[in-house]
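Please read the following note with the structure open beside you, and look up each residue as it is named. The points are numbered so that you can take them one at a time.

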Amino acid sequence: MKPRKADPARFAVTPSEGIALQKELKGLVRKHWDGRPIRHIAATDVHFPARSSARAAVVIVSYPVLEVVETAVHEGPVTYPYIPGLLSFREIPPLLMAWQKLKIAPDLLLCDGQGIAHPRGFGLASHLGLVLGLPSIGCAKSPLFGSFDEPGPLKGGRAPIRDGSNRTIGTVLRTRDGVNPIFVSVGHLIDLRTAVRIVLSCTTRFRIPDPLRAAHRLAGGNL
DNA sequence: GCGACAG
DNA sequence: ATCTTGTCGC
């Protein structure tokens, strides 16, 4: 067989293949922001109403106003189990189905999960950003990989997330006074500073950035 | 071998 | 993610 070139649209069928694919695709992730204007941001989330069904949602908001301008959903069968570190193989297929229904082409993606703050530097946000060829930011509610200190207690408080080599791979960010922080990391085509700035500018009065909250609601989650 | 582990 | 009411705090 001819050796396959890295193809972001290819999906693993076994955990070991998924891991191999992540290691391969990691090399294509770009951690630099080109300064392009942001007019629309797409937030994504997937909900699992039953064990075998997935409901993916995409919400596009204007930026920086954060007005919802378009939404898309897709509900279908689950095709991959939840395995820590392999979340993208479970959530990307339904997300792409919803994505196809969009009319507006967003400038940036906000994903509910890690970007490069991942055991192999290739979390959901990196994978989806690479597949769609768009800048993306990982925004998770809990840590998956790396070590960090407790950030300051007030909104804007932050601390670096570091890998085993002491490299910064993300930011633990307090988005409101006194709430648990969120975990922000580069997905693709962006730098960490810009990612944190955008996440903060998308957060008005809740812990979770407004666009992600809207996507979470559309997908079927509570609050 | 043991524990940790996005959603 | 999901199972789920009241309750604590601003």
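**Notes on the predicted model**

1. With a relative accessibility of 61%, Glu 150 counts as exposed, because the exposed class begins over 50%. Please keep in mind throughout that this is a predicted model. The partner of Glu 150 is Arg 174, with which it forms a salt bridge whose closest N and O atoms are 3.0 Å apart. This pair links distant parts of the chain, since Arg 174 sits in the loop between strand E7 (168-173) and strand E8 (182-188), while Glu 150 sits in the loop between strand E5 (136-140) and strand E6 (158-162), 24 residues apart. In contrast to Glu 150, which is exposed, Arg 174 has a relative accessibility of 6% and therefore counts as buried, the limit for that class being under 20%.

2. How many salt bridges does the count come to? It comes to three, and another of them joins Glu 75 to Arg 55, with the closest N and O atoms 3.4 Å apart. Glu 75 belongs to strand E3 (residues 68-77) and Arg 55 to strand E2 (residues 53-62), so this pair ties together parts that are 20 residues apart in sequence. Glu 75 is partly exposed, with a relative accessibility of 44%, and Arg 55 is also classed as partly exposed, at 24%.

3. There is also a salt bridge between Arg 36 and Asp 34, in which the closest N and O atoms are 3.0 Å apart. Arg 36 has a relative accessible area of 28%, so it falls in the partly exposed class, which lies between the 20% and 50% limits.

4. The strand pairing deserves a careful look, and strand E1 (residues 40-50) is a good place to begin. E1 is joined to E2 by nine bridges, and these two strands run antiparallel. One place to check this pairing is His 40, whose bridge partner in E2 is Ser 62. E1 and E2 form a hairpin, with two residues between them.

5. E1 also pairs with strand E4 (residues 108-111), to which it is joined by four bridges, and here the strands run parallel. In this pairing, Ala 43 stands opposite Leu 110 of E4.

6. Next, consider the aromatic pairs, of which the structure holds two. One is made by Tyr 80 and Phe 89, whose ring centres are 5.8 Å apart and whose planes meet at 45°, so the pair is classed as tilted. Tyr 80 is buried, with a relative accessible area of 7%, and Phe 89 is likewise buried, at 3% relative accessibility.

7. What arrangement do the rings of Phe 148 and Phe 183 have? Their centres are 5.3 Å apart and their planes lie at 65°, so this pair is edge-to-face, a class that requires an angle over 60 degrees. The pair links distant parts of the chain, for Phe 148 is in the loop between E5 and E6 and Phe 183 is in strand E8, 35 residues apart. Phe 148 is partly exposed, with a relative accessible area of 32%, whereas Phe 183, at 6% relative accessibility, counts as buried.

8. Turning to the DNA, you will find that 18 residues surround DNA strand B, and that the closest are Tyr 82, Gly 85, Asp 112, Gln 114 and Lys 141. By class, the residues of the surface near this strand divide into eight nonpolar, six polar and four charged. Of the atoms of DNA strand B within 4 Å of the protein, 46% belong to sugar or phosphate, and the rest belong to bases.

9. Which parts of DNA strand B do individual residues approach? A polar side-chain atom of Tyr 82 lies 2.6 Å from a phosphate oxygen of the strand. For Gln 114, a polar backbone atom is 3.0 Å from a base nitrogen of DNA strand B, and a polar backbone atom of Leu 124 is likewise 3.0 Å from a base nitrogen of that strand.

10. Around DNA strand C, the residues are His 47, Phe 48, Lys 141 and His 216, and by class they comprise one nonpolar, two polar and one charged. A polar side-chain atom of His 47 lies 2.3 Å from a phosphate oxygen of DNA strand C, and for Lys 141 the corresponding distance from a polar side-chain atom to a phosphate oxygen of this strand is 3.4 Å. Lys 141 deserves a second look, since it is also listed among the closest residues to DNA strand B.

How values were computed
Residues numbered from 1 in each chain as written. Chains lettered and ligands numbered in written order. Predicted model: local features only at pLDDT ≥ 70, side-chain atom pairs only at ≥ 80, totals over all residues. Heavy atoms only, no water. Near = heavy atom within 4 Å. Polar contact = N/O pair within 3.5 Å; in protein donor to acceptor, adjacent residues only side chain to side chain. Nonpolar A, V, L, I, M, F, W, Y, C, P; charged D, E, K, R; others polar. Salt bridge = Lys/Arg side-chain N within 4 Å of Asp/Glu carboxyl O. Buried < 20%, exposed > 50% of the residue type's maximum accessible area, 1.4 Å probe, protein only. Pairing = 2+ DSSP bridges. Phe/Tyr/Trp six-rings, centres within 6.5 Å; stacked < 30°, edge-to-face > 60°.
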